[in-house]
Amino acid sequence: MSFVMVDAPPRTTPAPTPPRVVGDAPVASRTTGRIATGHVVLAVLALLSIFPVYWMFATAFRRPEDMLSSSPIPWPLSVENFRYVWDTIPMASMLTNTFVMAGAMAVSQLLVAILAAYAFARWNFFGKQVLFMLFVGSWLVPFQVTMIPNYLLISQMGLLDTVAGVVIPNLCSAFGVLLLRQHMEAFPTELLDASAMDGQSSWATLWKVVVPNMKPALAALGIMLFISAWNEYLWPALVLRQSDALVQIGIRSFLGAEGDNWGAVMAASGLACLPIFLIYMFLQRYVVDAFVRSGLK
C-alpha cells in the first residue's frame, strides 16, 4: 500500500468588505460624526448650565470690595461673605426648618402619588380617564392662578406664618402621580395575581408586593420632590412673613432699599445649595434609573 501526498490548495483570505457608502460618505464615518456632534452639543449645554452655579460661588468667594468685579476668577479668595452670613442670620436653624418643610412636603406628595397611581394603574372605574386627565391638567396650571385662593384658605384656617401653611396646599404632586402610574402599569401582573390567590387585599398587595419592588422609582421620585420643595421660594415667602423661618426667606434679607449685598446673597445661596448637591451626588443613579425604566414594560 502506498500513500500519495497531495498538496492542499492554498487558503485565500477573503478581501475585507468595504464600508457601505450612503451618498458621498461611508456609514461608519457619518455615525462617528453624529456622535462627535452630539458630544459637542452636550458639552456646550453642560457649560451653559454650570456657569451660573460657578459664578455664584465665584462671587461668594470674592472680597466684599470686589463683589462687583467681572473677573471670571475670584482672586484673592476670601471667606468674609460666608462669615458675615453666618453671623447675621441664623443659618443653621433656617437650614433645619427648610429641611423639615421639604421633607414633610416630599413625604406627603409621595404617599398621595403612591395611592393615586395604584388606583389609576390597577383599577377600572367610571370616569377613570377623565379624572386622570384632570390630574395631568392640574400640572399644567400655573401656580400663580391658584396662589390667591390657597392664601385665602390658609388664612381662614389660621395657618399663616406656619410650616403647615406651606405644606398643606402642596400635598399632591401631579408629576409624581404621572411618573408612578407609568411604573405601576409596567409592574408584572403575575405577582399581583399570586398575591390575590394568597388572599391578600388590595391594600396589603400595595404595601407588601408593589412598594417593596419599586424602591428605585420611589427613591428617585422622593429625591426630586424634596429638591423641588427645597427650591420653592414664592409660596413660602408669601405665607411665612418671619425673616428667619426658611433659608429662602433669609437670603432675601440681604436685599434692601439701602443696597444689595450681592456677596452675602451668593454666599447664603451657596450654603443653601450644598445639601441639594450632596443629596443628588450620592443618589443621582436612582433619578436616572427612574426615567429610564418609566417607559419600559
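What follows is a chat between a student and a tutor about a predicted model.

Student: Let's kick off with charges. How many salt bridges does a search of the whole structure find?

Tutor: Glu80 pairs up with Arg83 in one of them, and Arg181 meets Glu185 in a salt bridge too. For the whole structure, the search gives a count of 2.

Student: Take Glu80 and Arg83: how far apart are the closest N and O atoms?

Tutor: Both residues sit in helix α2, 3 residues apart, so about one helical turn separates them. In general, an α-helix has 3.6 residues a turn, so side chains three or four places apart point the same way. Glu80 is partly exposed at 34% relative accessible area, and Arg83 is partly exposed as well, at 43%. The closest N and O atoms of the pair are apart by 2.8 Å.

Student: And in the Arg181 and Glu185 salt bridge, is Arg181 buried or exposed?

Tutor: This pair belongs to helix α7, where the two residues are 4 apart and thus separated by about one helical turn. Their N to O distance is 3.0 Å. Glu185 comes out partly exposed at 27% relative accessibility. The cut-off for buried is under 20%, and Arg181 has 12%, so Arg181 counts as buried.

Student: Back to helix α2. Within what arc do its buried residues fall?

Tutor: The helix covers residues 80-88, and its buried residues are Asn81, Phe82 and Val85. Look down the axis of α2 and these buried residues line one face of the helix, because they fall within an arc of 100°.

Student: Is there anything greasy on the outside? What accessible area does the nonpolar patch with Leu45 have?

Tutor: Leu45 belongs to helix α1, which runs over residues 27-60. With 47% relative accessibility, Leu45 counts as partly exposed. On the surface, Leu45 joins Val40, Val41, Leu42, Val44 and Leu48 in a nonpolar patch, and together their accessible area is about 570 Å².

Student: Now the largest pocket. Which element gives the most to its lining?

Tutor: The largest pocket holds about 730 Å³ of space. Its lining has 22 residues, with Ser138, Asn170, Cys172, Ser173 and Ala174 nearest the centre. Two or more lining residues come from each of α3 (91-122), α4 (128-140), α5 (143-156), α7 (174-185) and α10 (215-230). With 4 residues, the element that gives the most is α10.

Student: Any odd backbone geometry? Which residues does the cis peptide bond join?

Tutor: As a rule, most peptide bonds are trans. Here, one with omega of about 0° leads into a proline, and that proline, Pro76, lies in the loop between α1 and α2. The two residues joined by this cis bond are Trp75 and Pro76.

Student: What about Asp161: what is its phi?

Tutor: Most residues other than glycine have a negative phi. Asp161 is in the loop between α5 and α6 (163-167), and at 28% relative accessibility Asp161 counts as partly exposed. Though not a glycine, Asp161 has a positive phi of about 65°.

Student: Let's try some contacts across the sequence. How far apart in space are Ile148 and Leu238, C-alpha to C-alpha?

Tutor: Ile148 is in helix α5. With a relative accessibility of 56%, Ile148 counts as exposed. In sequence, Ile148 and Leu238 are 90 residues apart, while their C-alpha to C-alpha separation in space is 10.0 Å.

Student: One more pair: how far apart in space are Ser269 and Val247?

Tutor: Ser269 is part of helix α13, which covers residues 262-293. At 15% relative accessibility, Ser269 counts as buried. Ser269 and Val247 are 22 residues apart in sequence, and from C-alpha to C-alpha their separation in space is 8.6 Å.

Notes: Residues are numbered from 1 along each chain as its sequence is written. This is a predicted model: local features need pLDDT of at least 70, side-chain atom pairs count only at pLDDT 80 or more; totals for chains, interfaces and linings use all residues. Side-chain values use heavy atoms; hydrogens and water are left out. Patches are made of residues with over 30% relative accessible area and no salt bridge: like charges are joined within 9 Å, nonpolar side chains (Val, Leu, Ile, Met, Phe, Trp, Tyr) within 5 Å. Accessible areas come from the Shrake-Rupley method with a 1.4 Å probe; for residues, only the protein chains shown count as cover. A salt bridge is a side-chain nitrogen of Lys or Arg within 4 Å of a carboxyl oxygen of Asp or Glu. Buried means under 20% relative accessible area, exposed over 50%, partly exposed in between (1.4 Å probe, protein chains only). The arc is that of the directions from the helix axis to the C-beta atoms. On a 1 Å grid over the protein atoms alone, a cavity is a set of points where a 1.4 Å probe fits but cannot get out, and a pocket is an open set with protein on both sides within 12 Å along at least five of seven lines; lining residues have an atom within 4 Å of a point. Grid points are joined across faces, edges and corners, and a volume is the space filled by probe spheres set on the points.
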